[in-house]
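Let's walk through this one together, starting from a single side chain and working outward. Keep the viewer open as you read.

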Amino acid sequence: MNDADGNVVRIGNPVVIPELLNSEAGIQPFGNKKAIYRKHNLRMIQEICVGPDWTPKQIEERNERLAAFGTT
């Protein structure tokens, strides 16, 4: 299992987005998804589109933020 496979199921990886946006993004490479995501003004999407890639480190950091939010 590579880093991408191991991080797919982590709570910090998925993003709740409208069904039509999800269908449009599909299983495209991250760069293509970012172009699609930027069309929408959703804060959660903006957070993901900041960097050039969606890395295991970013997923871990988001995982920690979401976990902290859930305990406050």
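Take Lys-33 and skip its neighbours within four places in sequence: what remains in contact with Lys-33 is Ala-25, Gly-26, Ile-27 and Gln-28. This is a predicted model, by the way, so keep that in mind as you click around. Lys-33 sits in helix H3, which covers residues 30-37. Is this lysine buried or exposed? Its relative accessible area is 19%, and the cut-off for buried is under 20%, so Lys-33 counts as buried.

Now hop across to one of those partners, Ala-25. Its place is in helix H2, and with a relative accessible area of 1% Ala-25 is buried. Beyond the residues within four places in sequence, Ala-25 is in contact with Lys-33, Ile-36 and Tyr-37. Helix H2 spans residues 19-25 and is where confidence in the chain is highest, at a mean pLDDT of 89. For a sense of distance, try Gln-58: its C-alpha atom is separated from that of Ala-25 by 20 Å, and the two residues are 33 apart along the chain.

Back in helix H3, look at Phe-30. Which residues does Phe-30 touch, not counting those up to four places away in sequence? The list is Ile-48, Gly-51, Pro-52, Asp-53 and Trp-54. Thr-55 makes a handy distance check here: Phe-30 and Thr-55 are 25 residues apart in sequence, and 10 Å apart in space from C-alpha to C-alpha.

From Phe-30, step over to Asp-53, which has its place in the loop between H4 and H5. Asp-53 has 46% relative accessibility, so it counts as partly exposed. With neighbours within four places in sequence left aside, its contacts are Phe-30 and Gln-58. Glu-64 is eleven residues away from Asp-53 in sequence, and the C-alpha to C-alpha distance between the two is 19 Å.

Moving on to helix H5, we meet Asn-63. Asn-63 has a relative accessibility of 16% and therefore counts as buried. What does Asn-63 touch once residues up to four places away in sequence are set aside? Its partners are Arg-10, Ile-11 and Gly-12.

Helix H5 also brings us to some empty space. Rolling a probe the size of a water molecule over the atoms shows where such space is left. The second largest pocket holds about 180 Å³. Around it you'll find Arg-43, Met-44, Glu-47, Arg-62, Arg-65, Leu-66 and Phe-69. Which helices each supply at least two residues of this lining? They are H4 (43-48) and H5 (56-70). H5 gives the largest share, four residues. Sort the lining by class and you get four charged residues, three nonpolar and no polar ones.

Time to zoom out. The chain has five helices and zero strands, so reading along the sequence gives the pattern α-α-α-α-α. The radius of gyration is 12 Å, close to the 11 Å that the globule rule gives for 72 residues, so the chain is as compact as a globular protein of that length. Along its principal axes, the C-alpha trace spans about 30 × 30 × 20 Å. Of the 72 residues, 26% count as buried, and we have visited some of them: Lys-33, Ala-25 and Asn-63. As for how the chain meets itself, take the contacts between residues at least 6 apart in sequence: 47% of these join residues at least 24 apart.

Finally, how far does the predictor's confidence go? The chain averages a pLDDT of 80, and 92% of the residues score at least 70. Confidence is lowest in helix H1, residues 3-7, at a mean of 62.

Methods: Residues are numbered from 1 along each chain as its sequence is written. Side-chain values use heavy atoms; hydrogens and water are left out. On a 1 Å grid over the protein atoms alone, a cavity is a set of points where a 1.4 Å probe fits but cannot get out, and a pocket is an open set with protein on both sides within 12 Å along at least five of seven lines; lining residues have an atom within 4 Å of a point. Grid points are joined across faces, edges and corners, and a volume is the space filled by probe spheres set on the points. Ala, Val, Leu, Ile, Met, Phe, Trp, Tyr, Cys and Pro count as nonpolar, Asp, Glu, Lys and Arg as charged, and the others, Gly among them, as polar. pLDDT is the predictor's confidence in each residue, from 0 to 100. Buried means under 20% relative accessible area, exposed over 50%, partly exposed in between (1.4 Å probe, protein chains only). Contact means heavy atoms within 4.5 Å. The radius of gyration is taken over C-alpha atoms; the globule rule is 2.2 Å times the number of residues to the power 0.38.
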